[in-house]
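The following exercises concern the structure shown below. Each states a task and then gives a worked solution in steps.

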Amino acid sequence: MATIDECRAALETLSDNMRRAEGDVRAAAALDRSVSCHITDLDVTFVGRMSGGRIHVRDTVQGPPPDRAQIRLAMAGDDLVALVGGGLHFAKAWGSGRVRLEASLMDLFRLRKLL
């Protein structure tokens, strides 16, 4: 089972990858939205903001997200690490229910280029 530190590192790697993206992916990463990522097996949530092509984690809270972020992810820690590391394909994980993504319809259209 992935640790909180491994999950935070995976989010930082994802943020770095977004910052280096080009073309349509860079445009999708340019959203300015509140973000939460609930790690279900650890029952912790990383809370922050996607802006400037990066994810800025501002806090880690115990339990589910305290507020409704504009972009909400939920998954097990191992799945987050595998997604960012390339060992798990987002569409398959989302389709099987291993990863939950909630956002407005417009944001979902833009985020699909990222994921």
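**Exercise 1. Which residue of β2 stands opposite Ser36, and what surrounds Ser36?**

Solution. This model is a predicted one.

Step 1. Ser36 belongs to strand β1, and the residue opposite Ser36 in β2 is Val47.

Step 2. The two strands β1 and β2 run antiparallel and are joined by seven bridges. They form a hairpin with four residues between them. In that turn, Asp43 has a positive phi of about 50°.

Step 3. Ser36 has a relative accessibility of 1%, against a cut-off of under 20% for buried residues, and therefore counts as buried.

Step 4. With neighbours within four places in sequence set aside, the contacts of Ser36 are Thr45, Phe46, Pro65, Ala69, Ile71, Arg72 and Leu73.

**Exercise 2. Is Pro66 buried or exposed, and where does Pro66 lie relative to Ser36?**

Solution.

Step 1. Pro66 is placed in the loop between β3 and β4.

Step 2. The relative accessible area of Pro66 is 55%; the threshold for exposed is over 50%, so Pro66 is exposed.

Step 3. Along the chain, Pro66 and Ser36 are 30 residues apart, and their C-alpha atoms are separated by 9.3 Å.

Step 4. Apart from neighbours within four places in sequence, Pro66 is in contact with Val47 and Val61. Val47 is also the residue that stands opposite Ser36.

**Exercise 3. Determine the strand order of the sheet and identify the strands at its edges.**

Solution.

Step 1. The sheet is open, contains five strands and has the order β3-β2-β1-β4-β5, with mixed pairing.

Step 2. β3 (54–62) and β5 each have a single partner strand and stand at the edges; one side of each is therefore left without a neighbour in the sheet.

Step 3. From one strand to the next, the twist averages 20°.

Step 4. β2 and β3 pair in the antiparallel sense over eight bridges. Within this pairing, Phe46 has Thr60 as its bridge partner in β3, and Met50 stands opposite Ile55.

Step 5. β2 and β3 form a hairpin with two residues between them, and Gly52 in the turn has a positive phi of about 60°.

Step 6. In β2, six of the eight residues are buried, so this strand is largely enclosed by the rest of the structure.

**Exercise 4. Describe how α1 and α3 are placed on the strands, and establish which side of α3 is buried.**

Solution.

Step 1. α1 lies across β1, β2 and β3, and runs at about 160° to β3.

Step 2. α3 lies across β1, β4 and β5, and runs at about 110° to β4.

Step 3. The buried residues of α3 are Gly77, Asp79, Leu80, Leu83 and Val84. They cover an arc of only 160° around the axis, and so they lie on the same side of α3.

Step 4. The partners against which these buried residues pack are α1, β1, β4, α4 and β5.

Step 5. Gly86 follows α3 and has a positive phi, near 90°.

**Exercise 5. Which residues touch the most other members of the largest nonpolar core, and which elements supply this core?**

Solution.

Step 1. The largest nonpolar core has 27 residues, of which Cys37, Ile39, Ile71 and Leu80 touch the most other members.

Step 2. At least two residues of this core come from each of α1 (4–20), β1 (33–39), β2 (44–51), β4 (71–75), α3 (77–85), α4 (90–95) and β5 (99–102). The element that gives the most is α1, with four residues.

Step 3. For Ile71, the contacts beyond four places in sequence include Leu31, Val35, Ser36, Met50, Leu101 and Leu111. The contact between Ile71 and Ser36 also appears among those of Ser36.

**Exercise 6. How many disulfides does the structure hold, and why are Cys7 and Cys37 not bonded to each other?**

Solution.

Step 1. The number of disulfides is zero.

Step 2. The cysteine sulfur closest to that of Cys37 is in Cys7, 7.5 Å away; a disulfide requires sulfur atoms within 2.5 Å, so the separation is too far for a bond.

Step 3. Cys7 has 0% relative accessibility and therefore counts as buried. Cys37 is likewise buried, with a relative accessible area of 2%.

Terms used:
Residues are numbered from 1 along each chain as its sequence is written. This is a predicted model: local features need pLDDT of at least 70, side-chain atom pairs count only at pLDDT 80 or more; totals for chains, interfaces and linings use all residues. Side-chain values use heavy atoms; hydrogens and water are left out. A nonpolar core is a set of buried Ala, Val, Leu, Ile, Met, Phe, Trp, Tyr and Cys residues joined through side-chain atoms within 4.5 Å. Buried means under 20% relative accessible area, exposed over 50%, partly exposed in between (1.4 Å probe, protein chains only). Contact means heavy atoms within 4.5 Å. Two strands pair if DSSP finds at least two bridges between them. Axes are lines fitted to C-alpha atoms, for helices over the stretch in contact, and angles run from 0 to 180 degrees between N-to-C directions. The arc is that of the directions from the helix axis to the C-beta atoms.
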